[in-house]
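Visitor: Before we begin, could you put the sequence and the model in front of us, so that we can take the parts one at a time?

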Amino acid sequence: MLIETAAIGVNFPDVRGRSGVYNRADTRVGGVDLPHVGGLQVVGHVVGVGKNCDHALLGRKVMALMLHGAYAQRAVARADMVVVLADDADDIAMASLPCQGVTAFLALQVCANLRAGESVLIQGAAGGVGSLAVQIAKALGAGMVIGTASTEARRSFVRGLGADHAIPYDAPDWPKVVENLTEGRGVDVILETIGGDVFEQNFACLAMLGRQVVVGSTRGPGEPIAPRRLMAKAHSIVGFYLPTFYQRPDLIQRGLHFLASGVAQGTIKANVAKVLPLARASEAHQMLERREANGAIVLIPDASSR
């Protein structure tokens with residue numbers, strides 16, 4: 001379907017695609033063919049549909065997760081990766097959610113199979129995926145939710161999202177803190193986004209039958225892990241890469257519906273740090289690269305007056 005875009009969410013994968021990271025042999029994911037229009041998520045109104053689409057969608061406000069092409073006044077999206085929004089839905093708030101929100105939802109519910117009452121450790125909980133994962137974990141019925149962040153200001157932000165505890169991940173004894181908070185049991189699920197030495201430290205605070213979902217590695221991949229490392233407590237490691245799920249649009253739609261419903265019910269709140277005109281997309285990328293945005297950045301196609 002063809003969408004007249006009202007708001008476009010910016011994500012770090014947009015930066016990596018632009019910089020050529022996904023075209024390096026060692027990356028092993030992604031790949032960008034030129035010419036290329038970046039961007040993964042939009043909110044707008046449907047102005048055209050393909051022959052197999054429901055024509056009743058014409059004129060409706062929708063939220064879409066896309067393969068690419070969001071940085072445009074009109075964007076083409078797959079109909080099976082779109083959800084209809086209420087006419088009064090906040091364009092900017094909803095445009096900030098799809099990529100990071102669906103990532104957090106699928107990582108927790110599908111990959112980790114999070115059950116009600118289980119404890120969760122979310123690494124990098126002040127970031128885009130992490131901040132939504134805190135809220136989504138609570139909405140899914142998690143018991144104790146622990147978030148990590150690098151500064152006290154960011155930890156205060158994480159607690160404000162609903163985390164029961166927020167701790168630093170760069171303190172040498174942080175796994176012991178998690179162990180104490182869980183009365184020696186450890187956490188059932190870890191959402192891992194940091195990598196490096198933190199990835200290995202995670203195992204010290206993972207409960208028996210615990211699951212670690214690897215969503216990212218901002219510090220790099222770290223050392224290889226020996227499979228026997230998982231045997232002592234029957235631990236599991238699951239990798240997560242969002243485009244893989246484009247083969248399962250039913251799961252993508254489940255995540256999008258969950259986000260839309262959560263915002264409508266007040267259980268999920270978007271955190272938008274900056275709104276910029278589409279013509280200043282390069283500035284948005286620079287803010288992400290400098291880690292200046294404490295929340296999402298959203299682009300507006302017709303925003304010359306902002």
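Helices, loops and their neighbours

Visitor: α3 and α4 are oblique to each other; at roughly what angle do their axes cross?

Guide: This is a predicted model, in which local features need pLDDT of at least 70 and side-chain atom pairs count only at pLDDT 80 or more, whereas totals for chains, interfaces and linings use all residues. Residues are numbered from 1 along each chain as its sequence is written, and side-chain values use heavy atoms, with hydrogens and water left out. Helices (H or I, at least four residues) and strands (E, at least two) are DSSP runs numbered from the N terminus, and axes are lines fitted to C-alpha atoms, for helices over the stretch in contact, with angles from 0 to 180 degrees between N-to-C directions. Angles under 35 degrees count as roughly parallel, over 145 as roughly antiparallel, 65 to 115 as roughly perpendicular and the rest as oblique, and the axes of α3 (residues 98-111) and α4 (residues 128-139), which come within 8 Å, cross at roughly 50°.

Visitor: Is the crossing of α3 and α4 left-handed or right-handed?

Guide: A crossing is left-handed if the near helix is turned anticlockwise from the far one by less than a right angle, and right-handed if clockwise. For α3 and α4 the crossing is right-handed.

Visitor: How many nonpolar residues are in the contact of α3 with α4?

Guide: Contact means heavy atoms within 4.5 Å, and by that criterion Gln-100, Gly-101, Thr-103, Ala-104, Phe-105 and Leu-108 of α3 meet Gly-128, Val-129, Leu-132, Ala-133, Ile-136 and Ala-137 of α4. Ala, Val, Leu, Ile, Met, Phe, Trp, Tyr, Cys and Pro count as nonpolar, Asp, Glu, Lys and Arg as charged, and the others, Gly among them, as polar. With no charged residues and four polar ones in this contact, the number of nonpolar residues is eight.

Visitor: How many of the 14 residues of α3 are buried?

Guide: Buried means under 20% relative accessible area, exposed over 50% and partly exposed in between, with a 1.4 Å probe and protein chains only. The buried residues of α3 include Pro-98, Cys-99, Val-102, Leu-106 and Cys-111. The helix is largely enclosed by the rest of the structure, because the number of its residues that are buried is twelve.

Visitor: Which residue just after α3 takes a positive phi?

Guide: The residue sits in the loop between α3 and β6 (120-122), and its phi is about 50° although it is not a glycine. At 39% relative accessibility it counts as partly exposed, and its name is Asn-113.

Visitor: What is the relative accessibility of Ser-119?

Guide: Ser-119 is found in the loop between α3 and β6, and, leaving aside residues up to four places away in sequence, it touches Met-144, Arg-185, Gly-186, Val-187, Asp-188 and Val-189. Ser-119 counts as buried, its relative accessibility being 8%.

Visitor: How far does α8 reach from its first C-alpha to its last?

Guide: The expected span of a helix is 1.5 Å times one less than its number of residues. Helix α8 (residues 249-265) has 17 residues, and its reach is close to the expected value. Its buried residues, among them Leu-251, Ile-252 and Leu-259, pack against β3 (61-65), β5 (82-84), α2 (91-95), α3 and α4. From first C-alpha to last, α8 reaches 24 Å.

Visitor: How many charged residues are in the contact of α1 with α9?

Guide: The axes of α1 (residues 12-19) and α9 (residues 281-289) come within 10 Å and cross at roughly 105°, and the two helices are therefore roughly perpendicular. Phe-12, Asp-14, Val-15 and Arg-18 in α1 meet His-285, Leu-288 and Glu-289 in α9. Besides three nonpolar residues and one polar residue, the number of charged residues is three.

Visitor: What is the distance in space between Val-158 and Ala-126, C-alpha to C-alpha?

Guide: Val-158 belongs to helix α5 (residues 152-160) and counts as buried at 0% relative accessibility. Its contacts beyond four places in sequence include Ala-125, Ala-126 and Val-134. Val-158 and Ala-126 are 32 residues apart in sequence, and in space their separation is 5.7 Å.

Visitor: Which residue does a cis peptide bond join to Leu-34?

Guide: The residue is found in the loop between α1 and β2 (41-48). Omega of the bond is about -5°, and the partner of Leu-34 is Pro-35.
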